[in-house]
Amino acid sequence: MKIHIIGGSGSGKTYLAERLSKEYAIPHYDLDDIQWDNRSGAYGTKRGPAERQALLSELLQKDDWIIEGVYYAWCTQCFADADKIYLLNVPRYLYRYRIIRRFIRRKLGLEPGKKETLRSLSALLKWADRYQKVNMAEVKGVLAPYEGKVVQYGAR
């Protein structure tokens with residue numbers, strides 16, 4: 001089984017991926033691990049397109065996978081290969097609440113995560129709003145050819 005989960009920050013992608021991974025005993029992968037070079041000494045270093053594509057191609061060749069992330073422009077093969085695509089489009093109050101809660105939990109050491117600051121939290125909240133207002137329409141356009149395997153959660 002191949003499942004792709006897409007949505008903005010705070011939409012519940014990781015939660016759903018973990019639940020489905022447990023239920024179906026399928027490994028799940030976060031596209032952030034492909035987009036960002038976590039081995040780099042600097043925070044926020046992106047991988048080059050060729051390296052990113054090589055990592056993604058390797059992942060897509062597996063028999064079963066659950067892939068989750070916000071990315072769509074370089075993920076068309078993911079959508080084509082997926083048996084099911086979950087589009088998470090939750091209301092503004094909910095994704096903002098989840099982003100802030102995650103920030104607090106990370107600051108308290110209750111949840112692993114990046115070294116975030118109030119400035120990065122503010123930037124993420126602005127980014128999430130833009131993703132919902134602008135990018136979500138683009139995501140829906142990219143997913144249009146696969147409408148038979150798209151399941152939407154949240155706002156339509």
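This report describes the overall fold, the charged side chains and two selected residues of a predicted protein model.

**Overall architecture**

The protein chain contains six helices and five strands. Along the sequence, these elements follow the order β-α-β-α-α-β-α-β-α-α-β. The radius of gyration of the protein chain is 15 Å, which agrees with the value near 15 Å that a compact globule of 156 residues would have. Taken along the principal axes, the box filled by the C-alpha atoms is roughly 40 × 35 × 30 Å.

Of the 156 residues, 38% count as buried. The protein chain exposes about 9,300 Å², and carbon and sulfur atoms supply 53% of that area. Among contacts between residues at least 6 apart in sequence, 72% join residues at least 24 apart.

**Charges and salt bridges**

The protein chain carries 27 positive and 18 negative charges, and the mean positions of these two sets are 9 Å apart. Side chains of opposite charge can pair when their charged atoms come close. In this model the count comes to five salt bridges. Three of them are listed below, with the distance between nitrogen and oxygen.

| Salt bridge | N to O distance |
|---|---|
| R47 and E51 | 2.8 Å |
| D129 and R92 | 3.0 Å |
| E111 and R106 | 3.9 Å |

How accessible are the partners in these pairs? R47 is buried, with a relative accessible area of 13%, whereas E51 counts as partly exposed at 34% relative accessibility.

D129 and R92 form a salt bridge with their closest N and O atoms 3.0 Å apart. D129 lies in helix 6 (residues 118-143) and R92 in helix 5 (residues 92-107), so this pair ties together parts that are 37 residues apart in sequence. D129 is buried, because its relative accessible area of 12% is under the 20% cut-off. R92 counts as partly exposed at 47% relative accessibility. The pair also belongs to a network of salt bridges that links R92, R96 and D129.

In the pair of E111 and R106, E111 is partly exposed with a relative accessible area of 25%. R106 likewise counts as partly exposed, at 22% relative accessibility.

**K2: a buried charge without a salt bridge**

K2 lies in strand 1, which spans residues 2-7. Which side chain of opposite charge is nearest to K2? That side chain is D81, 5.4 Å away. K2 has no salt bridge although it is buried; the distance of 5.4 Å to D81 does not meet the criterion of a nitrogen within 4 Å of a carboxyl oxygen. Leaving aside neighbours within four places in sequence, K2 is in contact with L60, K62, D63, W65, D81, A82, D83 and K84. D81 is thus listed among the contacts of K2, for which heavy atoms within 4.5 Å are required.

**L55 in helix 3**

L55 has its place in helix 3, which covers residues 49-60. At 30% relative accessibility, L55 counts as partly exposed. Leaving aside neighbours within four places in sequence, L55 is in contact with I34 and R47. R47 is the residue whose side chain meets that of E51 in a salt bridge. The C-alpha atoms of L55 and L31 are separated by 10.0 Å, and these two residues are 24 apart along the chain.

Notes:
Residues numbered from 1 in each chain as written. Predicted model: local features only at pLDDT ≥ 70, side-chain atom pairs only at ≥ 80, totals over all residues. Heavy atoms only, no water. Helix = DSSP H or I, 4+ residues; strand = E, 2+ residues; numbered from the N terminus. Rg over C-alpha atoms; globule rule 2.2 N^0.38 Å. Buried < 20%, exposed > 50% of the residue type's maximum accessible area, 1.4 Å probe, protein only. Areas by Shrake-Rupley, 256 points an atom, 1.4 Å probe, with all protein chains shown as cover. Lys, Arg positive; Asp, Glu negative; His and termini not counted. Charge placed at Lys NZ, Arg CZ, Asp CG, Glu CD.
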